[in-house]
Amino acid sequence: MSLSAPSEPREGHTIRTFFEGLTQAGLDELGGIYAEGARFRDPFNEVEGIAAIRRIFADMFEQAPDARFNVREVVGAAPLLYVRWGFTFTPGRAREPWSVEGVSRLALDGEGRIVDHIDYWDPAAGIYERLPLLGPVLRWVRRRLAVD
C-alpha cells in the first residue's frame with residue numbers, strides 16, 4: 001500500500017493556474033476568478049470589487065514588472081481554500097529579486113469564484129527589513145525578541 005498526497009481540488013487547480021500565470025496582460029481575466037463584489041485584504045490594502053482588486057495587481061506589476069507567484073500548496077475544498085505561496089519580485093533599483101512567503105484564505109461562491117481573499121504574510125521580514133534605514137532597526141528588534 002502506498003501513500004500519496006490527496007489530489008488538489010478542481011478549484012485549487014484553477015486558482016493555482018491563474019495565480020502562477022498572472023501577468024499584467026492577464027489582469028482583464030480577474031472577472032473569471034473573482035466575483036464582482038469580491039473583497040481583498042493584505043497588510044497594505046483592504047478593497048472591494050474587481051476594479052479595486054485589479055488596481056492593486058496593476059500597481060504591483062507597475063512597481064515590479066517581474067512579479068511572480070509560485071503556489072506551493074492548496075488545502076481545503078470549496079467553499080474555503082488556503083493557498084500557501086511564494087512571491088518573487090525585483091523592486092525599484094534592487095539588483096536581486098526579493099521573495100515573500102505567505103498564505104491566502106480564499107472563500108468561494110457557488111460558481112467557484114473568489115468572494116473573499118485575505119493574504120497573511122509578514123511585511124517586516126519580506127520588505128521592511130530590506131530597507132536601508134528601517135531594516136537594521138527591525139532586525140535588531142527581532143533579535144532582541146527572539147528566544148535564545
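Helices and strands here are DSSP runs, numbered from the N terminus, and the legends below use those numbers for a tour of a predicted model.

**View 1. Helix 2 lies across four strands.** Helix 2 covers residues 50-63 and lies across strand 1, strand 2, strand 3 and strand 4. Its direction runs at about 55° to strand 1.

**View 2. Six strands form an open sheet.** Follow the strands across the sheet and you will read the order 2-1-6-5-4-3, with mixed pairing. Strand 2 (46-48) and strand 3 (68-77) stand at the edges; each has a single partner strand, so one side of each is left without a neighbour in the sheet. From one strand to the next, the twist averages 20°.

**View 3. Strands 5 and 6 pair in the antiparallel sense.** Here strand 5 (residues 98-108) meets strand 6 (residues 114-121) over seven bridges, and the pairing is antiparallel. For one of the partners, look at Ala107, whose bridge partner in strand 6 is Asp116.

**View 4. Helix 1 packs on the sheet.** Helix 1, made of residues 10-20, touches strand 1 (34-41), strand 3, strand 4 (80-89), strand 5 and strand 6. Compare its direction with that of strand 3 and you will find an angle of about 170°.

**View 5. The largest pocket holds about 670 Å³ of space**. Its lining counts 29 residues, and Asp42, Phe44, Met60, Phe87 and Trp121 are the closest to the pocket's centre. Helix 1, helix 2, strand 3, strand 4, strand 5 and strand 6 each supply at least two residues of this lining. Helix 2 gives the most, with five residues. Sorted by class, the lining of this pocket has 21 nonpolar, five polar and three charged residues.

**View 6. A cis peptide bond joins Ala78 and Pro79**. Most peptide bonds are trans, which makes this a nice spot to pause. Omega for the bond between Ala78 and Pro79 is about 15°. Pro79 itself lies in the loop between strand 3 and strand 4.

**View 7. Phe69 and Trp85 form an edge-to-face pair**. The structure holds nine aromatic pairs. In the pair shown here, the ring centres of Phe69 and Trp85 are 5.9 Å apart and the planes stand at 85°. Planes over 60 degrees apart count as edge-to-face, so the angle of 85° puts Phe69 and Trp85 in that class. Phe69 lies in strand 3 and Trp85 in strand 4, so the pair ties together parts that are 16 residues apart in sequence.

Definitions and conventions:
Residues are numbered from 1 along each chain as its sequence is written. This is a predicted model: local features need pLDDT of at least 70, side-chain atom pairs count only at pLDDT 80 or more; totals for chains, interfaces and linings use all residues. Side-chain values use heavy atoms; hydrogens and water are left out. Two strands pair if DSSP finds at least two bridges between them. Axes are lines fitted to C-alpha atoms, for helices over the stretch in contact, and angles run from 0 to 180 degrees between N-to-C directions. Contact means heavy atoms within 4.5 Å. On a 1 Å grid over the protein atoms alone, a cavity is a set of points where a 1.4 Å probe fits but cannot get out, and a pocket is an open set with protein on both sides within 12 Å along at least five of seven lines; lining residues have an atom within 4 Å of a point. Grid points are joined across faces, edges and corners, and a volume is the space filled by probe spheres set on the points. Ala, Val, Leu, Ile, Met, Phe, Trp, Tyr, Cys and Pro count as nonpolar, Asp, Glu, Lys and Arg as charged, and the others, Gly among them, as polar. Rings of Phe, Tyr and Trp (its six-membered ring) pair if their centres lie within 6.5 Å; planes under 30 degrees apart count as stacked, over 60 as edge-to-face and the rest as tilted.
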